[in-house]
Amino acid sequence: MSDIAIFVLVGHCGPDAALLKSAVGRAVPGAAIVAAHNEASLQSHLQPGRVLLINRALDGSFNTRDGVELMERVLTGDAPPVALLISNYADAQERAMAVGGKPGFGKSAVYAESTRQILRDAAGVTAMNSKSPS
């Protein structure tokens, strides 16, 4: 397993992907950030240690438009990836956690300190070791 955190942006449009890339970069400097816009690309990223940031309303070519349904489908097996729902809606966050997702966040809180901590926790890093060396 690599020491570099790998975040997968699942089903996000261009502007939202840019916003999330910025937030991840601030929270976990040096993290690799890739995008999945369809089932095939998503399947290639379903590995332990990956952090999936799944949009509530999927943009792209998936078998569903519902991010929670997608999350439920990919969080199977012995070592599923970590998955967070990106949504401002509390009921969607509750549904995501009920199917095995970790606590996510909404785009309205993307730069909040609590979101930075959520991203660090999902990647398994601490605030101290997430900073670049001097």
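L84 in strand 4 has K102 of strand 5 as its bridge partner. Strand 4 and strand 5 (residues 102–105) run parallel and are joined by two bridges. From strand 4 the chain passes through helix 4 to strand 5, a β-α-β crossover that is right-handed. The model is predicted.

**Strand pairing and crossovers**

- Strand 3 pairs with strand 4 in the parallel sense, over five bridges.
- Within that pairing, N55 has I86 of strand 4 as its bridge partner.
- A right-handed β-α-β unit is made by strand 3, helix 3 (residues 67–74) and strand 4.
- Strand 3 also pairs with strand 1, again in the parallel sense and over five bridges.
- I6 stands opposite R50 of strand 3.

**Strand 3**

- Six of the six residues of strand 3 are buried, so the strand is largely enclosed by the rest of the structure.
- In a regular strand, side chains alternate between the two faces of the sheet.
- On one side of strand 3, R50, L52 and I54 are buried.
- On the other side V51, L53 and N55 are buried, so that both faces are covered.

**Nonpolar cores**

- The largest nonpolar core has 19 residues, and those with the most contacts inside it are F7, V28, L53, F105 and L119.
- Two or more residues of this core come from each of strand 1 (6–10), helix 1 (14–27), strand 3 (50–55), strand 4 (82–86) and helix 5 (113–123).
- Helix 1 gives the most to this core, with five residues.
- A second core, separate from the largest, has 17 residues, among them V8, F62, L75 and A92.
- In soluble globular proteins, nonpolar side chains tend to be buried together.

**Q93 in helix 4**

- Q93 belongs to helix 4 (residues 90–98).
- With a relative accessible area of 10%, Q93 falls under the 20% limit and therefore counts as buried.
- Leaving aside residues up to four places away in sequence, Q93 touches L85, I86, S87, G104 and F105.
- Of these contacts, I86 is also the bridge partner of N55, and F105 is also one of the residues with the most contacts inside the largest core.

**R26, Y111 and R116**

- The charged end of R26 sits over the ring of Y111, at 4.4 Å from the ring centre.
- The structure holds zero aromatic pairs.
- R116 is a residue of helix 5.
- R116 has a relative accessible area of 24%, between the 20% and 50% limits, so it is partly exposed.
- R116 touches R26, A27 and Y111, not counting residues up to four places away in sequence.
- R116 therefore touches both R26 and Y111, the two residues of the charge-over-ring arrangement.
- R116 and N55 are 61 residues apart along the chain, and their C-alpha atoms are separated by 17 Å.

**G25 in helix 1**

- G25 is found in helix 1, the element that gives the most residues to the largest core.
- G25 has a relative accessibility of 35% and so counts as partly exposed.
- The C-alpha atoms of G25 and L84 are separated by 16 Å, with the two residues 59 apart along the chain.

Methods:
Residues numbered from 1 in each chain as written. Predicted model: local features only at pLDDT ≥ 70, side-chain atom pairs only at ≥ 80, totals over all residues. Heavy atoms only, no water. Core = buried A, V, L, I, M, F, W, Y, C linked by side-chain atoms within 4.5 Å. Buried < 20%, exposed > 50% of the residue type's maximum accessible area, 1.4 Å probe, protein only. Helix = DSSP H or I, 4+ residues; strand = E, 2+ residues; numbered from the N terminus. Contact = heavy atoms within 4.5 Å. Phe/Tyr/Trp six-rings, centres within 6.5 Å; stacked < 30°, edge-to-face > 60°. Lys NZ or Arg CZ within 6 Å of the ring centre and 35° of its normal. Pairing = 2+ DSSP bridges. Right-handed = clockwise from strand over helix to strand, strands pointing away.
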